[in-house]
Amino acid sequence: MPEVIFTGPAGRLEGRYQPSKEKSAPIAIILHPHPQFGGTMNNKIVYDLFYMFQKRDFTTLRFNFRGIGRSQGEFDHGTGELSDAASALDWVQSLHPDSKSCWVAGYSFGSWIGMQLLMRRPEIEGFISIAPQPNIYDFSFLAPCPSSGLIIHGDADKVAPPKDVQGLVDKLHTQKGITITQKTLPGANHFFSNDAELLLDECADYLDRRLAGELADPRPKRLR
């Protein structure tokens with residue numbers, strides 16, 4: 001798994017990158033939790049998601065947002081971090097011009113950034129949003145949400161209360177042309193302290209079903 005440094009909007013960004021052997025393989029980008037609360041690309045859940053996609057032959061990247069590890073810059077309350085994510089996708093696409101599709105997976109703060117990236121990049125055809133925080137972050141930009149995906153959280157999450165996540169899911173369920181799959185893990189907290197393995201199993205099952213053509217409405221491809 002090569003360590004990489006690529007150019008971001010605020011200086012260099014540090015990442016871990018695993019290219020697929022297939023030139024046209026889809027791309028997956030994994031986004032980490034809040035930089036000011038210990039979030040890095042080496043978070044266990046981010047690490048496991050990286051390998052989940054890699055095992056399914058995606059070209060896969062996880063990276064540190066600005067100001068974390070060897071990534072330059074300072075925390076920017078989401079605006080700069082979204083620019084970092086866009087630059088990361090640009091960088092991978094420059095190396096894999098034959099790749100036509102992309103997935104984004106984000107955990108906590110990373111899920112908020114990932115959903116914003118989804119709105120801006122029509123090539124993103126699937127998402128995994130782990131423990132999003134609609135009680136803290138505004139998700140009203142998902143109007144409409146352009147791609148089908150998984151929202152997965154715990155029913156004992158005190159950081160992102162289940163009723164708030166349910167409100168987000170309910171809004172997305174009213175939209176046509178996409179399929180939002182929700183998984184609620186009994187007893188799981190925001191950090192999935194004793195449930196990381198179950199979390200990964202659910203994410204892997206969802207991804208496998210999507211790759212088999214399930215859990216998504218057929219829809220016209222968005223124009224790039």
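Author: Before we start, helices (H or I, at least four residues) and strands (E, at least two) are DSSP runs, numbered from the N terminus. What you see is a predicted model: local features need pLDDT of at least 70, side-chain atom pairs count only at pLDDT 80 or more, and totals for chains, interfaces and linings use all residues. Residues are numbered from 1 along each chain as its sequence is written, and side-chain values use heavy atoms, with hydrogens and water left out.

Reader: How many helices and strands does the protein chain have?
Author: You can walk along the elements from the N terminus, and they run β-β-β-α-β-α-β-α-β-β-α-β-α. The secondary structure of the protein chain comes to eight strands and five helices.

Reader: And what does the C-alpha trace span along its principal axes?
Author: The chain being spanned here has 224 residues, and 54% of them are buried (under 20% relative accessible area; exposed is over 50%, partly exposed in between; 1.4 Å probe, protein chains only). Along its principal axes, the C-alpha trace spans about 40 × 40 × 30 Å.

Reader: Which peptide bond is cis?
Author: Most peptide bonds are trans, and most residues other than glycine have a negative phi. To find the cis bond, go to the loop between β6 (residues 124–130) and β7, where proline 144 is found. Omega is near -5° for the bond that runs from alanine 143 to proline 144.

Reader: Where does serine 108, with its positive phi, lie?
Author: Phi of serine 108 is about 60°, although this residue is not a glycine. Serine 108 counts as buried because its relative accessible area is 7%. You'll find serine 108 in the loop between β5 (102–107) and α3 (109–120).

Reader: Is leucine 215 buried or partly exposed?
Author: Leucine 215 is in the segment after α5 (196–211). Phi of leucine 215 is near 60°, a positive value in a residue other than glycine. With a relative accessible area of 23%, leucine 215 is partly exposed.

Reader: How many salt bridges does the structure hold?
Author: Side chains of opposite charge can pair when their charged atoms come close. For a salt bridge, a side-chain nitrogen of Lys or Arg must be within 4 Å of a carboxyl oxygen of Asp or Glu. By that rule, the number of salt bridges held by the structure is 12.

Reader: Which helix holds both lysine 44 and aspartate 48?
Author: The side chains of these two meet in a salt bridge, 2.6 Å from N to O. Lysine 44 is exposed, with a relative accessible area of 52%, whereas aspartate 48 counts as buried at 15%. The two are four residues apart, about one turn of the helix, and that helix is α1 (residues 44–55).

Reader: How many residues apart in sequence are the parts tied together by arginine 56 and aspartate 208?
Author: The side chains of arginine 56 and aspartate 208 form a salt bridge at 2.6 Å, N to O. Arginine 56 sits in the loop between α1 and β4 (59–63), while aspartate 208 is in helix α5, so the pair ties together parts whose separation in sequence, in residues, is 152.

Reader: Which residue meets arginine 209 in a salt bridge?
Author: Arginine 209 is partly exposed, with a relative accessible area of 32%. Its partner is also partly exposed, at 36%. The distance in this salt bridge is 3.0 Å, N to O, and the partner is glutamate 214.

Reader: Which residues do salt bridges that share partners join into one network?
Author: Here the bridges are linked through the partners they share. The residues joined into one network are Glu3, Glu14, Arg16 and Arg70.
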